[in-house]
Amino acid sequence: GVGVPDRRWGEVGRAVGVPADPAVPPDRDELRAHTRARVAGFKVPTQWAFVDALPRSANGKLLRRSLKSVR
């Protein structure tokens, strides 16, 4: 996940993932409940985005800055 600008809070968390079945992405409410049961409430992302593939460099490293622009 990454931090993205938010008018009210200054910054909020956005989780970005690749669904196992792109035709049927996971339910965001179920993901939120699953995450809330495992981490502190302030760590639960408020935004969830799904992509076909995570952006990576030529060396295979995850390009976290690119995740901020994913919707």
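1. Let's start with the overall layout. The chain contains two helices and three strands, and along the sequence these elements follow the pattern β-β-α-β-α. Please keep in mind that this is a predicted model. The C-alpha trace spans about 35 × 30 × 20 Å along its principal axes. Of the 71 residues in the chain, 21% count as buried.

2. A word on confidence before the details. The mean pLDDT of the chain is 91, and 100% of the residues score at least 70. Which elements sit at the two ends of the confidence range? Helix α1 has the highest mean pLDDT of the chain's elements, at 95, while helix α2 (residues 64–67) has the lowest, at 87. As a general reminder, predicted coordinates should not be read in detail where pLDDT is low.

3. Now for the sheet. The three strands make an open sheet with mixed pairing, in the order β1-β2-β3. The edge positions belong to β1 (2–6) and β3 (47–50); each of them has a single partner strand, so one side of each is left without a neighbour in the sheet. On average, neighbouring strands of this sheet are turned by 40° against each other, with direction ignored.

4. The pairing of β1 with β2 deserves a closer look. These two strands form a hairpin, with three residues between them. They run antiparallel, and five bridges join β1 to β2 (residues 10–17). If you would like to find the register on screen, V4 has V12 as its bridge partner in β2, and D6 has G10.

5. On to the pairing of β2 with β3. In which sense do β2 and β3 pair? The answer is parallel, over four bridges. One pair to look for here is V16, which stands opposite A49 in β3.

6. Several of these strand residues turn up again in the interior. The largest nonpolar core has eight residues: V2, V4, V12, V16, A49, V51, L67 and V70. Strands β1 and β2 each supply at least two residues of this core. In general terms, nonpolar side chains tend to be buried together in soluble globular proteins. The bridge partners V4 and V12 are both members of this core, and so are V16 and A49, which stand opposite each other.

7. V2 is a handy residue to click on. Which residues does V2 contact, leaving aside its neighbours within four places in sequence? The list is V12, G13, R14, R64, L67 and K68. V12 and L67 from that list also belong to the largest nonpolar core. More broadly, among contacts in the chain between residues at least 6 apart in sequence, 49% join residues at least 24 apart.

8. For those who enjoy charged pairs, the structure holds one salt bridge. The side chains of D29 and R32 meet in it, with an N to O distance of 3.1 Å. Why are D29 and R32 separated by about one helical turn? The two are three residues apart in helix α1 (residues 28–36), and therefore lie about one turn from each other. D29 counts as exposed, because its relative accessibility is 55% and the cut-off for exposed is over 50%. R32 is partly exposed, with a relative accessible area of 24%. In general, side chains of opposite charge can pair when their charged atoms come close.

9. Finally, a look at one loop residue. R56 is found in the loop between β3 and α2. Is R56 buried or partly exposed? Its relative accessible area is 47%, so R56 is partly exposed. Leaving aside neighbours within four places in sequence, R56 is in contact with K61, L62 and L63. Between the C-alpha atoms of R56 and G17, which are 39 residues apart along the chain, the separation is 13 Å.

Methods. Residues are numbered from 1 along each chain as its sequence is written. This is a predicted model: local features need pLDDT of at least 70, side-chain atom pairs count only at pLDDT 80 or more; totals for chains, interfaces and linings use all residues. Side-chain values use heavy atoms; hydrogens and water are left out. A salt bridge is a side-chain nitrogen of Lys or Arg within 4 Å of a carboxyl oxygen of Asp or Glu. Buried means under 20% relative accessible area, exposed over 50%, partly exposed in between (1.4 Å probe, protein chains only). Two strands pair if DSSP finds at least two bridges between them. Axes are lines fitted to C-alpha atoms, for helices over the stretch in contact, and angles run from 0 to 180 degrees between N-to-C directions. A nonpolar core is a set of buried Ala, Val, Leu, Ile, Met, Phe, Trp, Tyr and Cys residues joined through side-chain atoms within 4.5 Å. Contact means heavy atoms within 4.5 Å. pLDDT is the predictor's confidence in each residue, from 0 to 100.
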